[in-house]
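Me: I am new to this structure. Please show it to me, and then let me ask about it.

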Amino acid sequence: MPSDPVQALAQEPVDHRFKGLPPDAGQAGLTVGELTAQRRSLYTGGFTTPVLTLDAEALSHNLAALGTYAARHGLAFAPHGKTCMAPQLFRRQLEHGAWGITAAVPHQARVYRAFGIGRIFLANELVDAAALRWVAAELAADPGFRFVCYVDSVRGVRLMDRALQGQSQQVDVVVELGAGEGARTGARTDEDCRAVADAVAGTDTLRLVGIAGYEAEVPGADPDSVHAYLRRLTGLAVEFDKAGRFEGAEEIIVSAGGSAWFDAVADVFAELPELSRPVLKLLRSGAYVSHDHGWYTRLTPFNRIPEEGGLRPAFRLWTQVVSRPSPTQAFVNAGKRDIAYDLGLPEAELVRDPLTGAERPATGIRVLKLSDQHAWLETDSAEDVQVGDWVALGMSHPCTIFEKWPLIPVVEADGTVTEYVRTFF
């Protein structure tokens, strides 16, 4: 492994794997680092459409905003890495105070380890025997590595115990409290949680270190129901501590928090009484890093607590009009292969004249539907866009935006590209 695998990303060649990057850079055999050093303009530096970009200022703002919020409320922070799967952004999250990075599946954890992440919180029950043996080997090879995952069933605990027999290291686990009937994963009742905890206590391979859950899955989530669920979660932590269930733990982890209710998490976790061991109050929000132009713009807790800060949409997908068959219809050269659409169609934001560089709001332009490689635009008048115009689209859901682009230019306000963010999905 390179001494700094994140810096080593700059040595990758700029080639056909990376959409939107200047063809001449690949023809010249440039590395990502060499292209970065050229500080090319997104608009005149040879980039091809469609091309996804990250706004440098918005990205920096968002990284600071949630780091500051977590620190202000006494929360540790393990942002969910599945959002971006970008080691360069993981490093910046850690620099802004993150305790570690959250994963959902073993592949993500393997990527994290390849890039030196020292603390991983896996927010799922891990019953894959091969993955568990890999985790145990990582723990044995690196005494400084911290790994925690969910357990939510007695059968899951038994499978984990079976897979880990003969391993030298215990695996730390937290019981996941489900958010209610019809919700996603997690033990549904307090009694189910106790049974899972008892099963963990009956093994030599697992160590119970806390309680966790995901409040956004509360059916019909609203402030009252989310707060009530989180108080159930913290109540279980208090109960388990009094019963001595965390006897082997050095600290007690209490974890929740997606990107829609971290204010409720802060409220309820602040109510936790002193326990027998230090408490790690762990927030896991991930979408904040880029934010978006729709779904999370509507859901962010900063709408309820604007005095605490705010987030800015960092993504912009630049497309180009390739057909204008009628005064009310136009087509741009990006579709389902390039655009996140699981949480709504994109919104047209800006139009840029490729000849003059003049930009104007995309007034009167709407995205009606997507084909594989086209977005269908409806326009109010024949003057709204012309063939060749660049059209910037804003999209919802950072997780499915990042995954479609393996190398993403980071752009300053004047169009200068200062960095390229590599993703690993």
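Questions and answers on strands and one loop residue follow.

Reply: This is a predicted model, in which local features need pLDDT of at least 70, side-chain atom pairs count only at pLDDT 80 or more, and totals for chains, interfaces and linings use all residues. Residues are numbered from 1 along each chain as its sequence is written, and side-chain values use heavy atoms, with hydrogens and water left out.

Me: In β10, which residue is the bridge partner of Val-51?

Reply: Strands (E, at least two residues) are DSSP runs, numbered from the N terminus. Two of them pair if DSSP finds at least two bridges between them. β1 (residues 51-55) and β10 (residues 315-326) pair antiparallel over four bridges. The partner of Val-51 is Trp-318.

Me: Which residue in β16 stands opposite Gln-320?

Reply: β10 also pairs with β16 (residues 390-394), antiparallel, over four bridges. Opposite Gln-320 stands Trp-390.

Me: How many residues does the hairpin between β10 and β11 pass through?

Reply: β11 (residues 329-332) runs antiparallel to β10, with three bridges. Ser-326 faces Gln-329 across the pair. The hairpin that joins the strands passes through two residues.

Me: Is Glu-12 buried or exposed?

Reply: Glu-12 lies in the loop between α1 (5-8) and α2 (23-27). Buried means under 20% relative accessible area, exposed over 50%, partly exposed in between (1.4 Å probe, protein chains only). Glu-12 has 16% relative accessibility, so the residue counts as buried.
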